[in-house]
Amino acid sequence: GLDFQAPWFARVLISPLVKKSMLTKPMSAGFRLPARAKPVIPSDSVSPESGLRQLKAAVERIQQESPCASHPFLGKLTPDEWTQLHLRHAELHLSFIVPN
């Protein structure tokens, strides 16, 4: 879980309108997290090898554990919704990889 939430109006008024889209459509690049989310932002100096190890560990963790924390914007999600959201998020980040 994270120790911050989106503002109440975003969680209550906007989230229900965009939840399905966020879980089923590709995420757009360019969204900036607020400063209070800094603890979850990875360092720019992660090597490809370290990044791959971290990705494998995250995949293993999500396969073994059932997510139970609330999302800061979407609120309570089912395990299937968490999986969809993680896959969409990974899809966004992996779309920036360009082979040499």
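**Briefing: Glu81 and its surroundings in a three-helix chain**

Glu81 has a relative accessibility of 17% and is therefore classed as buried, the cut-off being under 20%. The model is a predicted one. Its chain holds three helices and zero strands, and Glu81 sits in the helix α3, which spans residues 79-94. From that buried position, Glu81 forms a salt bridge with Lys19, and this pair joins helix α3 to helix α1.

**Overall fold and confidence**

- Read from the N terminus, the order of elements is α-α-α.
- Helix α1 covers residues 8-24, helix α2 covers residues 48-64, and helix α3 covers residues 79-94.
- Along the principal axes, the C-alpha atoms occupy a box of roughly 45 × 30 × 25 Å.
- The chain has 100 residues, of which 18% count as buried.
- Its accessible surface comes to about 8200 Å², with 61% of that supplied by carbon and sulfur atoms.
- Among contacts with a separation of 6 or more, 73% are between residues 24 or more positions apart.
- Mean pLDDT for the chain is 85, and 93% of the residues reach 70 or more.
- Confidence is highest in α1, with a mean of 93, and lowest in helix α2, with a mean of 86.
- Where pLDDT is low, the predicted coordinates should not be read in detail.

**Glu81 and the link between α1 and α3**

- Lys19 and Glu81 form a salt bridge in which the closest N and O atoms are 3.3 Å apart.
- The two partners come from distant parts of the chain, Lys19 from helix α1 and Glu81 from helix α3, with their positions 62 residues apart.
- Side chains of opposite charge can pair when their charged atoms come close.
- The partners differ in exposure class: Lys19 is at 21% relative accessibility and so counts as partly exposed, whereas Glu81 is at 17% and so counts as buried.
- Glu81 also has a polar contact with the backbone: a polar atom of its side chain lies 2.9 Å from the backbone nitrogen of Thr78.
- Leaving aside residues up to four places away in sequence, Glu81 touches Lys19, Leu23 and Lys76.

**Other salt bridges**

- The search of the whole structure returns three salt bridges; besides the Lys19 and Glu81 pair, there are Glu65 with Arg61 and Glu91 with Arg88.
- In the pair of Glu65 and Arg61, the closest N and O atoms are 3.2 Å apart.
- Glu65 counts as partly exposed because its relative accessibility is 45%; Arg61, with a relative accessible area of 54%, is exposed.
- In the pair of Glu91 and Arg88, the closest N and O atoms are 2.7 Å apart.
- Glu91 and Arg88 are both in helix α3, three residues apart, about one turn of the helix.
- Glu91 has a relative accessible area of 35% and is thus partly exposed.

**His71 and the N-terminal segment**

- His71 belongs to the loop between α2 and α3.
- With a relative accessible area of 17%, His71 is buried.
- A polar atom of the His71 side chain lies 3.0 Å from the backbone nitrogen of Leu74.
- His71 touches Leu77, Trp82 and Leu85 when residues up to four places away in sequence are not counted.
- Leu2, in the segment before α1, has its C-alpha atom 7.9 Å from that of His71, although the two residues are 69 apart along the chain.
- Leu2 has a relative accessible area of 42%, which means that it is partly exposed.

**Surface patch**

- A nonpolar patch on the surface is formed by Trp8, Phe9, Val12, Leu13 and Ile14, which together have about 520 Å² of accessible area.
- Val12, one of the patch residues, lies in helix α1.

Note on methods: Residues are numbered from 1 along each chain as its sequence is written. This is a predicted model: local features need pLDDT of at least 70, side-chain atom pairs count only at pLDDT 80 or more; totals for chains, interfaces and linings use all residues. Side-chain values use heavy atoms; hydrogens and water are left out. Patches are made of residues with over 30% relative accessible area and no salt bridge: like charges are joined within 9 Å, nonpolar side chains (Val, Leu, Ile, Met, Phe, Trp, Tyr) within 5 Å. Accessible areas come from the Shrake-Rupley method with a 1.4 Å probe; for residues, only the protein chains shown count as cover. A salt bridge is a side-chain nitrogen of Lys or Arg within 4 Å of a carboxyl oxygen of Asp or Glu. Helices (H or I, at least four residues) and strands (E, at least two) are DSSP runs, numbered from the N terminus. Buried means under 20% relative accessible area, exposed over 50%, partly exposed in between (1.4 Å probe, protein chains only). A polar contact is a pair of N or O atoms within 3.5 Å; within protein, one must be able to donate a hydrogen and the other to accept it, and residues adjacent in sequence count only if both atoms are side-chain atoms. Contact means heavy atoms within 4.5 Å. pLDDT is the predictor's confidence in each residue, from 0 to 100.
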